[in-house]
Amino acid sequence: MWTPTDITEVCASTHGNLTQCTSIGITYLTLLAQLFGRSVDGTNSRGDNPFIYSTVNDGFEQRINVESKNIKRNEYDYIIVGAGSAGCVLANRLSEIKQWKILLIEAGEAEPEVTSIPGVAPSLSESNIDWKYKTQPDGRTCLLQKGQVCPWFRGKTMGGSSAINYMVYMRGSSHDYDGWAAEGNDGWSYEEVLPYFDKSINLRDYESLKNNDYHGIGGELNVERFRYLDGPSKILVKGFRDKGLPIVDLGLESKVGVNINLSASKDGKRQSTNQAFIKPIRDERTNLHIITNAFATKILIHPAKKEAYGIQYFKDGKYYNVFANKEVIVSSGALNSPKLLKCSGVGPRDELESLGIPIIADLKVGYNLQDHVTTDALILKFSNQYSTVVNDSKLLNEVIKYRNQPEKKSGPLSSTTAINSIAFINTKGSKDDPPNVQFHFDGRRAAEYLSDPTNYMASNILPVSFYDSVGARPLLLNPRSRGNVLLNKSDPIFGSPLIYTGFFQVQEDIDDLLDAIRFVISLDETEAFKKAGASFDKTPVKGCDHNEWGTDDYFKCLLMNYTATIYHPAGTCKMGPEWEEDAVVDPRFKVHGIRRLRVVDASTMRTIVRGNLNAPTIMMAEKASDMIKEDHRILTKTNPCNKY
């Protein structure tokens with residue numbers, strides 16, 4: 001068992017020294033460990049949060065290894081690298097073909113039970129199921145963060161980032177996909193991708209089902225609205241309604257409007273892609289093998305034939321090679337997929353030559369990085385009447401209550417509360433054109449945040465369910481600026497990639513966010529906010545207090561000093577036709593110039609979609625699975641041209 005000293009050291013090294021991390025924070029994490037399991041692998045020497053992995057070994061890894069001896073242990077038809085939002089879907093769909101042998105490898109552990117609790121999502125960041133990546137300083141963003149770098153959380157477990165995100169389900173705008181198709185990517189119009197959104201989900205929301213025909217029933221991913229809805233969440237929606245925004249189905253398409261959004265959840269529990277697509281089949285399909293704690297170091301590519309034939313990975317201090325008869329599919333995400341390609345000789349010539357990596361294909365890998373940039377320093381406070389803050393004893397009791405409930409969970413921890421009160425606007429005033437800004441809200445404790453904003457965000461471990469204020473986050477949906485992901489020069493393989501966000505290089509990006517901030521603070525004038533006693537805190541935050549609150553200079557200061565995203569990296573292995581200079585994969589996810597190699601994840605998005613990325617990434621994996629089957633003349637249900 002972990003001692004109190006262990007817990008104190010981990011909490012301090014990982015989350016700072018705020019009161020919440022030296023008293024109630026320690027007790028809270030200890031309780032999570034006792035009720036939902038903790039790490040038993042001894043990998044916490046670097047300050048990893050120990051309250052993540054399950055204490056119970058279900059024997060799956062051992063079963064896989066034993067079975068592997070009875071088949072071609074080092075040889076498969078398809079090898080999928082990364083068990084995240086895309087990889088789990090691919091593994092499910094490809095293993096439907098019984099004669100195909102599928103290997104899914106994941107750098108992280110099995111998904112721990114604690115991830116299932118929606119309200120404890122903040123506890124998962126900076127833990128040992130998070131890659132704990134940081135951006136590179138650029139003198140323009142994250143200026144008040146330690147080292148002028150921002151965290152970029154990414155899931156390192158079965159389910160990937162779908163196991164640590166906030167479960168928002170949305171598809172993006174029809175204009176996103178129609179734009180891809182218009183630029184030479186056949187098959188990617190909104191009409192053509194809708195069946196793949198439909199295929200994945202099992203929608204359990206009456207209002208959404210009643211109003212349209214494009215929500216699926218019977219898919220693997222359960223989608224519903226959280227049953228627990230608190231007062232502040234309702235006030236936010238009412239405020240936007242007072243500003244003239246209509247109630248729209250944001251789970252169907254991102255358009256100007258507001259609603260309590262759908263979530264990838266079931267009965268008050270998270271639905272990661274691991275929960276939805278892997279757990280139900282992993283003991284049923286002997287042709288699907290999964291190896292966890294396996295860090296992919298290189299794609300094996302024949303330099304003369306330009307053909308991928310396997311993967312090298314590192315596990316338990318040893319390197320292993322496994323071979324693919326048909327294809328290698330990289331689904332490691334917008335940060336790790338370009339890293340793996342580059343380490344394998346697929347990337348920009350100048351960068352690879354500078355690191356001594358033999359070049360197999362000179363492609364713009366790592367370029368075109370996009371994310372939905374925002375600030376986390378715009379604070380909306382609620383009156384005591386609407387505060388959901390509880391005392392320490394009540395907080396701990398809620399954790400115990402959630403654990404002791406039967407299969408269907410309820411109460412504050414069964415929801416992400418205000419995070420699912422979502423609005424979209426077009427800052428030019430149009431209600432018909434696609435939105436360019438999305439508003440998210442996350443719960444805060446105002447006094448603690450305002451006393452030390454940077455450390456508060458760095459040490460944010462308590463449940464998102466209990467708060468007296470929210471951070472209003474205007475997200476820039478269609479950024480013009482672009483960033484880059486480079487290899488770590490001192491350790492390209494095992495070192496963290498160098499993330500240059502590129503935010504705010506284009507003035508229009510700043511202008512759109514300033515317009516969005518102006519819009520959201522005008523909610524103070526609405527009847528809903530006045531009646532509820534909700535208003536934005538107009539005390540200048542540290543580092544920007546040399547500017548007057550409410551001026552453009554003040555809000556620019558927030559954007560550059562308190563830069564943030566909600567972790568939607570995309571675009572670093574851009575999809576495009578072969579003639580497009582910066583394209584990495586073609587519209588069927590095949591890497592240009594390399595046979596038997598695909599990349600399937602958010603890295604292949606040409607332009608980032610307007611909304612949260614989990615559902616679009618799942619859709620892309622569904623579509624890729626059908627493409628692979630079609631290449632082998634296997635009929636699919638989803639493609640309207642191929643019927644069973």
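**Exercise 1. A salt bridge between two helices**

Task: Determine which residue forms a salt bridge with Asp 626, and describe where the two partners lie.

Solution. Step 1. Asp 626 is joined by a salt bridge to Lys 199, and their closest N and O atoms are 3.6 Å apart. The structure is a predicted model. The distance satisfies the cut-off, since a salt bridge requires the nitrogen to be within 4 Å of a carboxyl oxygen.

Step 2. Asp 626 belongs to helix H19 and Lys 199 to helix H7 (residues 190–200), so the pair ties together parts that are 427 residues apart in sequence.

Step 3. Asp 626 has a relative accessible area of 1% and is buried. Lys 199, with 22%, is partly exposed. The two labels follow from the limit, because buried means under 20%.

Step 4. The pair also belongs to a network of salt bridges that links Arg 93, Glu 96, Lys 199, Glu 220, Glu 622, Asp 626 and Lys 629.

**Exercise 2. Further salt bridges**

Task: State how many salt bridges the count gives, and examine the pairs Glu 307 with Arg 595 and Asp 524 with Lys 538.

Solution. Step 1. The count comes to 41 salt bridges. As a general principle, side chains of opposite charge can pair when their charged atoms come close.

Step 2. Between Glu 307 and Arg 595 the distance from N to O is 1.8 Å. Glu 307 is in strand E12 (residues 307–315), while Arg 595 is in the loop between strand E24 (563–565) and strand E25 (597–599); the pair links distant parts of the chain, 288 residues apart. Glu 307 is buried, at a relative accessible area of 14%.

Step 3. For Asp 524 and Lys 538, the closest N and O atoms are 2.7 Å apart. Asp 524 is found in the loop between helix H16 (507–521) and helix H17 (527–532), and Lys 538 in the loop between strand E23 (535–536) and helix H18 (552–561), so this pair ties together parts that are 14 residues apart in sequence.

Step 4. Asp 524 is buried, with a relative accessible area of 16%, whereas Lys 538 is partly exposed at 44%.

**Exercise 3. Nonpolar cores and helix H7**

Task: Identify the residues that touch the most other members of the largest nonpolar core, and describe what covers the buried residues of H7.

Solution. Step 1. The largest nonpolar core has 85 residues, of which Ile 299, Ile 311 and Leu 597 touch the most other members. Helix H19 (residues 614–631) supplies the largest share of this core, eight residues.

Step 2. When neighbours within four places in sequence are left aside, the contacts of Ile 311 include Ile 79, Val 81, Ile 105, Ile 299, Tyr 320 and Val 328. Another core lies apart from the largest one; it has 61 residues, among them Leu 236, Leu 378, Leu 523 and Tyr 554.

Step 3. In H7, the buried residues are Tyr 190, Val 193, Leu 194, Tyr 196, Phe 197 and Ser 200. In an α-helix there are 3.6 residues a turn, so residues three or four places apart point the same way.

Step 4. The cover over the buried residues of H7 includes helix H6 (174–182), strand E5 (201–203), strand E6 (221–223), helix H10 (273–278) and H19.

**Exercise 4. Cavities**

Task: Give the number of cavities of 30 Å³ or more, and describe the linings of the largest and the second largest.

Solution. Step 1. The whole structure holds four cavities of 30 Å³ or more.

Step 2. The largest cavity contains about 70 Å³ of space. Ten residues line it, and Tyr 456, Asn 460, Leu 462, Pro 463 and Phe 466 lie nearest its centre. Its lining consists of five nonpolar, three polar and two charged residues.

Step 3. The second largest cavity contains about 40 Å³. Its lining is formed by Phe 226, Tyr 228, Leu 229, Ile 260, Asn 261, Ser 415, Thr 417 and Asn 420. By class, these are four nonpolar and four polar residues, with no charged residue.

**Exercise 5. Positive phi angles**

Task: Describe the phi angle and the setting of Met 167 and of Asp 267.

Solution. Step 1. Most residues other than glycine have a negative phi.

Step 2. Met 167 is not a glycine, yet its phi is positive, about 70°. Met 167 sits in the loop between strand E4 (151–152) and H6, and it is buried with a relative accessible area of 1%.

Step 3. Asp 267 also has a positive phi, near 55°. Asp 267 lies in the loop between strand E8 (265–266) and strand E9 (269–270), and it is buried at 8% relative accessible area.

Technical notes:
Residues are numbered from 1 along each chain as its sequence is written. This is a predicted model: local features need pLDDT of at least 70, side-chain atom pairs count only at pLDDT 80 or more; totals for chains, interfaces and linings use all residues. Side-chain values use heavy atoms; hydrogens and water are left out. On a 1 Å grid over the protein atoms alone, a cavity is a set of points where a 1.4 Å probe fits but cannot get out, and a pocket is an open set with protein on both sides within 12 Å along at least five of seven lines; lining residues have an atom within 4 Å of a point. Grid points are joined across faces, edges and corners, and a volume is the space filled by probe spheres set on the points. Ala, Val, Leu, Ile, Met, Phe, Trp, Tyr, Cys and Pro count as nonpolar, Asp, Glu, Lys and Arg as charged, and the others, Gly among them, as polar. A nonpolar core is a set of buried Ala, Val, Leu, Ile, Met, Phe, Trp, Tyr and Cys residues joined through side-chain atoms within 4.5 Å. Buried means under 20% relative accessible area, exposed over 50%, partly exposed in between (1.4 Å probe, protein chains only). Helices (H or I, at least four residues) and strands (E, at least two) are DSSP runs, numbered from the N terminus. Contact means heavy atoms within 4.5 Å. A salt bridge is a side-chain nitrogen of Lys or Arg within 4 Å of a carboxyl oxygen of Asp or Glu.
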